[in-house]
Amino acid sequence: MANRIIPVADLRPTPLVPDIPLPLEAPAGHLEDSLARPLHDLRISVTDRCNFRCVYCMPKEVFDKDYAFLPHSALLSFEEITRVAKIFVAHGVHKIRLTGGEPLLRKNIENLIEMLAALTAPDGKPIDLTLTTNGSILARKARALRQAGLRRVTVSLDALDDTVFQRMNDVDFPVSEVLRGIEAAHDAGLGPVKINMVVKAGMNDQEILPMARRFKGSPFILRFIEYMDVGASNGWKMDEVVPSAEVIRRIHAEMPLEEIEPNYTGETAERWRYTDDGSEIGVISSVTQAFCRDCTRARLSTEGKLYTCLFATGGHDLRALLRAGRSDEELATAIAHLWRKRADRYSELRTASTPGIDPAVRKVEMSYIGG
Ligand code: SAM
Ligand code: SF4
Ligand code: SF4
């Protein structure tokens, strides 16, 4: 049976304007939520638009020519993004990832990168600034991005076979251009470049081994991502998820692997290396092995809503505070209050109660909030 795509006029949830409780507080470089998880990473979506229509993210049936993308006036400006990011950094964020939609479609993105690259953590260290892209215009942009201060990139690539890849991106985009982008990023010093492959059963799982073979022994780190029930438009079903354990089993049968230690607590990918050449791959088991316990990520949507979980049904309207002329201290207090209250652990709860997610729950779309 074909997947049920849920057509929706606008899934963007109604925002909540955050409280600013008194007394106001200055950031102290460390914040913990109600489950003792520190605020460490910030993902910023810089556009809700994309030149791809990946079937698992922005299916054409929903994101068609009538879809109402955000008007420019709704987007946070680079100055607004940088102001919010600076407050997050003062609260303890060490890592910022730019995402979207397709972040390289945001006009003059290099200018934003330059502004964010100038931020430093309270301990004086620079911020780890990175970006996730579909790679379509990376070959053209890599050098300028590096010069602007970007440190690394992650490129999404779901197949090496053009027919399969084009069926997934649904705009006939060729694999060769993305591969060119990956090489250009490496040459520009944006390495180690990570390559993310979302695995959807029956769609591209036959590409697991070709992808593994291609990138084994290369400077690129391939990571397999379980297809997630993010958003409400992709018609997700549990039997379309290929568990990471199965991905590892298939690769290990041909090219033996051993597990290695995570780089840091809260790392989303489980790391493995080939026993013969030591090169590395990763698996991100967001469905079968929830990592909510260590989830230290906040997300800022294109229009300035703060989401404390990828699966949140509502965002907190920081843009309303910015545009009402609130001070940095007021913003910092509102953010601190929101993070301390945070109790999200959607994936853990889902793992406990799978199969089946209530389709009536209107989760926010990945292309809006960023991956
Ligand atoms: N357009 C950029 C890209 O594709 O890399 C950045 C935004 S995209 C939303 C970020 C990441 O989310 C991509 O690696 C994409 O493959 C992943 N993604 C999107 N929808 C997903 C889903 N339903 N399950 C798992 N990963 C998903
Ligand atoms: Fe675009 Fe990235 Fe979503 Fe694909 S995954 S539709 S490239 S935002
Ligand atoms: Fe973090 Fe929410 Fe994902 Fe759990 S479900 S890992 S809390 S984003």
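Which residue's side chain does Arg326 meet in a salt bridge? The partner is Glu330, with N and O 3.0 Å apart. Keep in mind that what you're looking at is a predicted model. The two ends of this pair fall into separate burial classes: Arg326, at 33% relative accessible area, is partly exposed, while Glu330 counts as buried because its 19% falls under the 20% cut-off.

That pair has company, since a search of the whole structure turns up 24 salt bridges. Take Asp128 and Arg152, whose side chains meet with 2.8 Å from N to O. This one ties together distant parts of the chain: Asp128 sits in strand E3 (residues 128–133), Arg152 in strand E4 (residues 152–156), and 24 residues separate the two. Here Asp128 is partly exposed, with a relative accessible area of 21%. Arg152, on the other hand, comes in at 14%, so it counts as buried.

Now turn to Asp33 and Arg37. Their closest N and O atoms are 2.7 Å apart, making another salt bridge, and this time both Asp33 and Arg37 are buried. They don't stand alone, either: Asp33 and Arg37 belong to a salt-bridge network that also takes in Arg342 and Asp344.

For a change of scene, look at ligand 2. Around it you'll find Cys50, Phe52, Cys54, Cys57, Met58, Gly101 and Asn134. Sorted by class, that shell comes out as five nonpolar and two polar residues, with no charged ones. So the two polar places go to Gly101 and Asn134, since Gly is counted as polar here.

Methods
Residues numbered from 1 in each chain as written. Chains lettered and ligands numbered in written order. Predicted model: local features only at pLDDT ≥ 70, side-chain atom pairs only at ≥ 80, totals over all residues. Heavy atoms only, no water. Near = heavy atom within 4 Å. Salt bridge = Lys/Arg side-chain N within 4 Å of Asp/Glu carboxyl O. Buried < 20%, exposed > 50% of the residue type's maximum accessible area, 1.4 Å probe, protein only. Helix = DSSP H or I, 4+ residues; strand = E, 2+ residues; numbered from the N terminus.
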